[in-house]
Amino acid sequence: MNRRVCLTPEEAFEAGFNDSCQHDQPDPNDCPRCRLTDAEIGRLVVLLQGAYRPQQSATTAA
């Protein structure tokens, strides 16, 4: 396993895709113990729904 320190969230996100899992599967998505279940994905969708909202312009008429 690569023990490099991730300095940004993007690097941490990519590290999960570029490294094998602890169960010796080259692709963690193929590992039944590491991959997310459909129920977990559904919960994340609900939690993150509306988390990203584009910043509105602060130029409103008074």
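Helix α2 is hardly covered: of its 11 residues, zero are buried. The model is predicted. In the whole chain of 62 residues, buried residues make up 6%. The secondary structure consists of two helices and zero strands, and a search of the whole structure finds zero disulfides.

**Helix α2 and what follows**

- Helix α2 covers residues 38-48, and the count of buried residues in this helix is zero.
- Leu44 is a residue of helix α2. With a relative accessible area of 37%, Leu44 is partly exposed, because partly exposed covers the range between 20% and 50%.
- Leu44 also belongs to a nonpolar surface patch of about 580 Å², together with Leu36, Ile41, Val45, Leu47 and Leu48.
- In an α-helix there are 3.6 residues a turn, so residues three or four places apart point the same way.
- Gly50 follows α2 and has a positive phi, near 80°.

**Helix α1**

- Helix α1 covers residues 9-18, and Ala15 is located in this helix.
- Ala15 counts as partly exposed, at 32% relative accessibility.
- The C-alpha atoms of Ala15 and Val5 are 9.7 Å apart in space, while the two residues are 10 apart in sequence.

**Cysteines in the model**

- Cys34 sits in the loop between α1 and α2. Its relative accessible area is 33%, so Cys34 is partly exposed.
- Cys31, in contrast, is buried, with a relative accessibility of 2%. This value falls under the 20% limit for buried residues.
- Which cysteine sulfur is closest to the sulfur of Cys34? It is the sulfur of Cys31, at 3.9 Å.
- Why is there no bond between Cys34 and Cys31? The distance of 3.9 Å is too far for a bond, because a disulfide needs two cysteine sulfur atoms within 2.5 Å.
- A disulfide is a covalent bond between the sulfur atoms of two cysteines. The search of the whole structure finds zero of them.
- Leaving aside neighbours within four places in sequence, Cys34 is in contact with Cys21, His23 and Pro28.
- Cys34 and Gln22 are 12 residues apart along the chain, and their C-alpha atoms are separated by 8.6 Å.

**Other residues in the loop between the helices**

- His23 is in the loop between α1 and α2. With a relative accessible area of 25%, His23 is partly exposed.
- Which residues does His23 touch, not counting those up to four places away in sequence? They are Cys31, Arg33 and Cys34.
- His23 and Arg33 are separated by 10 residues in sequence and by 8.1 Å in space, C-alpha to C-alpha.
- Asp24 lies in the loop between α1 and α2 as well. Is Asp24 buried or exposed? Asp24 is exposed, with a relative accessible area of 68%, because exposed means over 50%.
- Asp24 has a positive phi of about 65°, although Asp24 is not a glycine.

**Surface of the chain**

- The chain exposes about 6100 Å², and carbon and sulfur atoms supply 54% of this area.
- The nonpolar patch of about 580 Å² includes Ile41 and Val45.

Notes
Residues are numbered from 1 along each chain as its sequence is written. This is a predicted model: local features need pLDDT of at least 70, side-chain atom pairs count only at pLDDT 80 or more; totals for chains, interfaces and linings use all residues. Side-chain values use heavy atoms; hydrogens and water are left out. Helices (H or I, at least four residues) and strands (E, at least two) are DSSP runs, numbered from the N terminus. Buried means under 20% relative accessible area, exposed over 50%, partly exposed in between (1.4 Å probe, protein chains only). Contact means heavy atoms within 4.5 Å. Accessible areas come from the Shrake-Rupley method with a 1.4 Å probe; for residues, only the protein chains shown count as cover. Patches are made of residues with over 30% relative accessible area and no salt bridge: like charges are joined within 9 Å, nonpolar side chains (Val, Leu, Ile, Met, Phe, Trp, Tyr) within 5 Å. A salt bridge is a side-chain nitrogen of Lys or Arg within 4 Å of a carboxyl oxygen of Asp or Glu.
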